[in-house]
Amino acid sequence: MTTPPPSSSRRRSPLAPVAAVLAAGAALGLVPAFVSSPYALHLMVLFFLSVIMGSAWNLIGGYGGQYSVGHAAYFGVGAYTVVVLLQFRQVAPWWGLVPALALAMALALVIGSITFRLRGPYFVLASIAVAEIVRLAALNWKDLTNGAEGILVSDIPPLVVGGKVITNFVSKVPFYYSGLALALAVVLVTVWVERSKLGYYLQAIREDQDAANSLGIPLTRYKNVALVLSASFTAWAGALYALYVGFIDPATGIGLDISVQIVLTAIIGGIGTVGGPVVGAAVLVALSEALRANLVTDLLVKGGLVRETSKVGLFLRENLAHAHMLIYGLLVALVILFMPEGVVGALGAFARRRRQRLAREAP
Amino acid sequence: MSLFLQSLLSGVLMGAVYALIGIGLTIIFGVMRIINFAHGELVMLGMYLAYFLFTLAGVDPFLSVLVVYPAVWCFGALLQKTVINRVLNALPQNQILLTIGIGLILSNTAMLLFTSDYRILTTSYSSSSFHLGGVSVSVPLLGSFLVTAAVTAILYWFLIKTDMGQAIRATAQDRDAAQLMGINVRWMSVVATGIGAGLAAVAGALLAPTYYIFPQVGQPFTLKAFVVVVLGGMGSVMGATVGGIVIGATESLAAVYVSSGLKDMVVYVLFLLILLFKPAGLFGKSRV
Amino acid sequence: MSPILDIQNVSKFFGGLAANSDVSFSVEPRTVVGLIGPNGAGKTTLFNCITGYYPPSRGQVVFKGQRIDGLTPDRICKLGMARTWQKVRPLAKLSVLDNVVVGALARTRSVPQAREVALEQLKVVRLQHKADHPAGGLPIGERKKLEVARVLATGPELLLLDEVMGGLNPAESEEIISLILDIRRRGLTQMVIEHDMKAIMRISDRVVVLNSGEKLAEGLPQEIVTNPAVITAYLGEAVA
């Protein structure tokens, strides 16, 4: 089962992790000065978005133990609010973000208050049902959302500060920095939450809800706090994604696939850890691109496992690129069956066992 | 009034098929306490099997049930033995994640193998109907209702009158006690999954003449099956039977009186209401 | 002095079964009340009703002069009543120290301050050397001590201990007994469910006996142990 690592292996002072995160941020901030390949920048934007979404889920799912498989609802609300206000009311996205976040947080409060009294699998089911309701609303409210056609984002207004034009949003660089900033923010928030009263209470709720309740923890209130926090970051990611890709529709914005991807990012890396969603994001983005660029098929051919011109070879070359969700499904199953602590958790367990073995062997 | 009767009737006929799907889901939950999120994909499997049996061998979908059931029974049993059995003691959230993964694997493999083209299985009676006292009755729907009724009757007989059926019920009621009584509970889990999967696939085969067949068709069935099972009470076969008919009727009436695009939403809202106010369902005992 | 806890005609029904039937008694502050009875007598059910795990079907629970039946467990904990569980419930993936920190956070918002309180309580139960161990890996005796430390950290005035000596060896039970007496010396009130009769005799100021959901007897330990009705109720049970 997916499990977080024991807290004894976690360091107390936030100084080290914060310093590490800021250092990484600074290094990443310098990258666009040296790297101009749009493809590389594109991958990084996807990576940052994945980090944001996975870490946001991690707050309520990994630390709080409430496995929402309906986070696409918040993603979609963020995306649609910003895009609708931009395209139909000419509201610049940085202002549109305010109502987007407010709506997402309000939605989270409503959903939380209704569903948090449900336990385990029933909560999971309810979260899926809610997300489907939101998606169907977007699909059917054609006057607001264009229904299944979706909305194209044309011409984001230039960002002007103090008379100077900062960016026209034509290149990928502004999205790179927006993604980086938000990813740093959500990771730092995770570091803070982990060491705060909120973090302790969430983990207590995750470990044993009734025991937590008997220790003075008001369950729904703390779950709601985590969910509101989680929803706002997820909505922000949705808005960023829609602006970056330039298009939003109910299937790609509020579908179950998105919710599953979000959960997968967190559990692959390791839920309940700061680094887990980051590792998960790296793995998933790398994997997606390897699939899309047919690298996997190339590897199989080079390794002599498959002949390029054989039926299998041709089949793979044509289809593996689109087999995203199939691979994701396999990954979910494999992680749950064999690596429930995720990559970070497994590494931590390995390190712990090594320490214990060395301690035993010491005279 | 006749519009009401009409939509009520087709809702009930459809509801029987929902009931069949729900019964499969509730049996799996009853015996293993696992919520099978891949259930809709098993329906999809039945649909494709019926489709290929029809187009390649000319087998009528209603007859294909005789092949579909054992084939998917074996598939379900295999799935339980190799994969699902490993997570019997895991956190329920993780069990559900695993079945979500399995569902994704199934639907996307179908997409890989069969492409996402919509397929249609047209039999000679696919669009026939006859009139009965002012309402029009769709022949394929009536046929699936009758087959469903027969299958359900056989299932009830199996659960109540046979040794294995009683063993399954005992395991569902109290796994530890059943084990102490000498019942091989691991085998019961395998059998129950087989039955659940088989029933879902049979439902798919019965729906094949009237539904578009494509890889993602399973997903709404999964969610609807959950509504049926929660309404009827997790683990209650009787509950799933009643629940299926109720949901079928609700959906049909919603399509007519609310809007066809929103009928699914009505069902999901009903789902949330049930979870909130009567989580044990009509016949259920388990605590939510 | 008015009682710190007053249980008035509490009944709890599950379907047709009366797990508690018209139970009434009160607990004086700074005392230890032993709650005994054969298995299935309704002792843990009574604890659950008192602490808000579920509300009583009938009757009232008055704590420090305030009606608390119907309140949620977290509110009741904040008011000063804490309970341990018959089947221990450690927060398994958290460290021993963090378990107690969670308890201490009931009284303070500051995590560093909570950690200090937590370390204090770990010293009281003599578990401080295992502060960084994952709670799930402890042997049963230490898990019980951890649970006591955890509830002590919530700063209660009334402590409900549910079979805290269950499954312990004599040395461990001895530790728990001196812990209970120590807690009593510090001015807290306790209600203790126990099967170990010798322990009950040593720690209790008063004893309440439940049988089949009803209160069978109440009084000083020596009175209870010689009460013929009590002895009959226990006939067939191994009396320690």
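Two residues are in contact if their C-beta atoms, placed from the backbone, lie within 7 Å. The model is predicted.

**Stop 1: chains A and B.** Show both chains and select the residues at their interface. On the chain B side there are 34 residues, in contact with 34 residues of chain A. To find the chain B side by element, select helix H4 (92-114), helix H9 (218-232) and helix H11 (263-277) of chain B, the elements that each give two or more residues to it. H4(B) comes with 14 residues, the largest share of that side. Colour the chain B side by residue class: 25 residues are nonpolar, seven are polar and two are charged.

**Stop 2: chains A and C.** Hide chain B and show chain C. Here 26 residues of chain C are in contact with 21 residues of chain A. Select helix H2 (73-79) and helix H3 (96-104) of chain C; each supplies at least two residues of the side that touches chain A. With the class colouring kept, this side of chain C shows twelve nonpolar, five polar and nine charged residues.

**Stop 3: a helix pair within chain A.** Keep chain A alone and select helix H3 (residues 72-89) and helix H5 (residues 120-140). The axes of these two helices are 8 Å apart and the packing angle is about 30°. Angles under 35 degrees count as roughly parallel, so H3(A) and H5(A) are roughly parallel to each other. Show side chains for A:Ala72, A:Ala73, A:Gly76 and A:Tyr80 in H3(A), then for A:Val130, A:Ala131, A:Val134, A:Arg135 and A:Ala138 in H5(A), where the two helices meet. By class, this contact has seven nonpolar residues, one polar and one charged.

Conventions. Residues are numbered from 1 along each chain as its sequence is written. Chains are lettered from A and ligands numbered from 1 in the order in which they are written. This is a predicted model: local features need pLDDT of at least 70, side-chain atom pairs count only at pLDDT 80 or more; totals for chains, interfaces and linings use all residues. Axes are lines fitted to C-alpha atoms, for helices over the stretch in contact, and angles run from 0 to 180 degrees between N-to-C directions. Helices (H or I, at least four residues) and strands (E, at least two) are DSSP runs, numbered from the N terminus. Angles under 35 degrees count as roughly parallel, over 145 as roughly antiparallel, 65 to 115 as roughly perpendicular and the rest as oblique. Ala, Val, Leu, Ile, Met, Phe, Trp, Tyr, Cys and Pro count as nonpolar, Asp, Glu, Lys and Arg as charged, and the others, Gly among them, as polar.
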